[in-house]
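Colleague: Thanks for making time for this one. Could we go through the model together, a question at a time?

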Amino acid sequence: MAALTIHERSHTGERPYGCVSCEKRFFSEATLKSHQVCHLDERPFECSYCSKTFARKRNLQEHLSLCQSDEKPYHCDDCSARFKSKQHLRLHRRLHTGEKPYMCSVCPKTFHYISDRKRHELLHAGAKPYSCQTCDASYTRKYALTMHERTHTGEQPFVCEDCGKRFSKSSLLKRHVARESCGVKRSSSKLQIASPGRKSRSQKEIATSTS
């Protein structure tokens, strides 16, 4: 009977359960409880690929389907950025439009994303809920703690495909590739290789210039 009542609300539009933290309303108490998790600081579900954390397991599963794929079908009309989902593109567009819909509850500062606002509000509270078990360091974000812990464990999960050098952060790997130009060097070296009995492009150019 309860299931039928909840189903009928999808037709009538009745949403008797309201969230005390925001203005959203829901058909059932179970849906309300699932929603209220987003207002908590707890994000127990972590992506094993990028260390991003989520409040709900369902959100992690959706993220994993995107994180494991290299396809980025959604592109920004204002820049060359590409994204794996329409949601990510929509959020990115705020950087171009200047939209900052989330205001700090303590000061007038506004933010593009609600996650940035929550992280900022922790600074007002002085809260650093994520503590290192090896030293006294503590952080406002779990991701920052994960990065810090690698200084103790020596973990370096990001590998340069061209030279094999390893890094603890993806940003360090990107900086290495940009500075060392590993991919460019590899491509250039491939262009210089000629099959037996054939001249490479550079050899042909030299022969032409000296003839």
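Colleague: Let's start with Asp116: does it count as buried, partly exposed or exposed?

Modeller: Happy to, and please keep in mind that this is a predicted model. Asp116 sits in helix H5. Buried would need under 20% relative accessible area and exposed would need over 50%. Asp116 has 24% relative accessibility, so the class is partly exposed.

Colleague: Which residue's side chain makes a polar contact with the side chain of Asp116?

Modeller: A pair of N or O atoms has to lie within 3.5 Å to count as a polar contact. The side chain of Asp116 has such a contact at 2.5 Å, and the partner is the side chain of Arg119.

Colleague: How far is Asp116 from Cys104 in space, C-alpha to C-alpha?

Modeller: Along the sequence, Asp116 and Cys104 are 12 residues apart. In space, their C-alpha atoms are separated by 9.6 Å.

Colleague: Is His120 buried or exposed?

Modeller: His120 also has its place in helix H5, which runs over residues 114–125. Beyond residues up to four places away in sequence, His120 touches Cys104, Cys107, Lys109 and Phe111. Its relative accessible area is 13%, and because the cut-off for buried is under 20%, His120 is buried.

Colleague: How far apart are the end C-alpha atoms of H5, and what span should its residues have?

Modeller: H5 has 12 residues, and at 1.5 Å a residue they should span 16 Å. Just after the helix comes Gly126, with a positive phi near 70°. The expected span agrees with the distance between the end C-alpha atoms of H5, which is 17 Å.

Colleague: Where is His112 found, and which backbone oxygen lies 2.8 Å from a polar atom of its side chain?

Modeller: His112 is in the loop between S8 and H5. At 16% relative accessibility, His112 counts as buried. Its contacts, leaving out residues up to four places away in sequence, include Arg94, Leu95, Gly98 and Tyr102. The backbone oxygen 2.8 Å from a polar atom of the His112 side chain is that of Glu99.

Colleague: What is the C-alpha separation of His112 and Leu91?

Modeller: These two residues are 21 residues apart along the chain. The separation of their C-alpha atoms is 7.8 Å.

Colleague: Which residues of H4 are buried, and what covers them?

Modeller: The cover includes strand S5 (74–75), strand S6 (82–83) and strand S7 (102–103). Just after H4, Gly98 takes a positive phi of about 80°. The buried residues of H4 are Leu89, His92 and Arg94.

Colleague: Is His88 buried or partly exposed?

Modeller: His88 lies in helix H4, residues 86–97. It touches Leu66 and Phe83, not counting residues up to four places away in sequence. With 30% relative accessibility, His88 is above the range for buried, which is under 20%, so His88 counts as partly exposed.

Colleague: Is Arg150 buried or exposed, and which residue's backbone oxygen lies 2.7 Å from its side chain?

Modeller: Arg150 is located in helix H6, residues 142–153. Its relative accessibility is 9%, so Arg150 counts as buried. The backbone oxygen 2.7 Å from a polar atom of the Arg150 side chain belongs to Ser168.

Colleague: What does the UniProt annotation say about residues 74–101 and 102–129, and how far apart are the ends of each span?

Modeller: The unreviewed UniProt entry annotates "domain: C2H2-type" over several stretches, including 74–101 and 102–129. Residues 74–101 are 43% helix and 14% strand, and residues 102–129 are 43% helix and 14% strand. The end C-alpha atoms are 23 Å apart for residues 74–101 and, for residues 102–129, 22 Å.

Colleague: Where is confidence lowest in the protein chain?

Modeller: The chain averages a pLDDT of 75, and 76% of the residues score at least 70. Over residues 185–211 the pLDDT is below 50. Where pLDDT is low, the predicted coordinates should not be read in detail. Confidence peaks in strand S8 (residues 110–111), at 91, and is lowest, at a mean of 40, in helix H9 (residues 201–210).

Technical notes: Residues are numbered from 1 along each chain as its sequence is written. Side-chain values use heavy atoms; hydrogens and water are left out. Helices (H or I, at least four residues) and strands (E, at least two) are DSSP runs, numbered from the N terminus. Buried means under 20% relative accessible area, exposed over 50%, partly exposed in between (1.4 Å probe, protein chains only). Contact means heavy atoms within 4.5 Å. UniProt positions are given in the numbering used here, feature names are shortened, and annotations may be inferred rather than shown by experiment. A polar contact is a pair of N or O atoms within 3.5 Å; within protein, one must be able to donate a hydrogen and the other to accept it, and residues adjacent in sequence count only if both atoms are side-chain atoms. pLDDT is the predictor's confidence in each residue, from 0 to 100. The expected span of a helix is 1.5 Å times one less than its number of residues.
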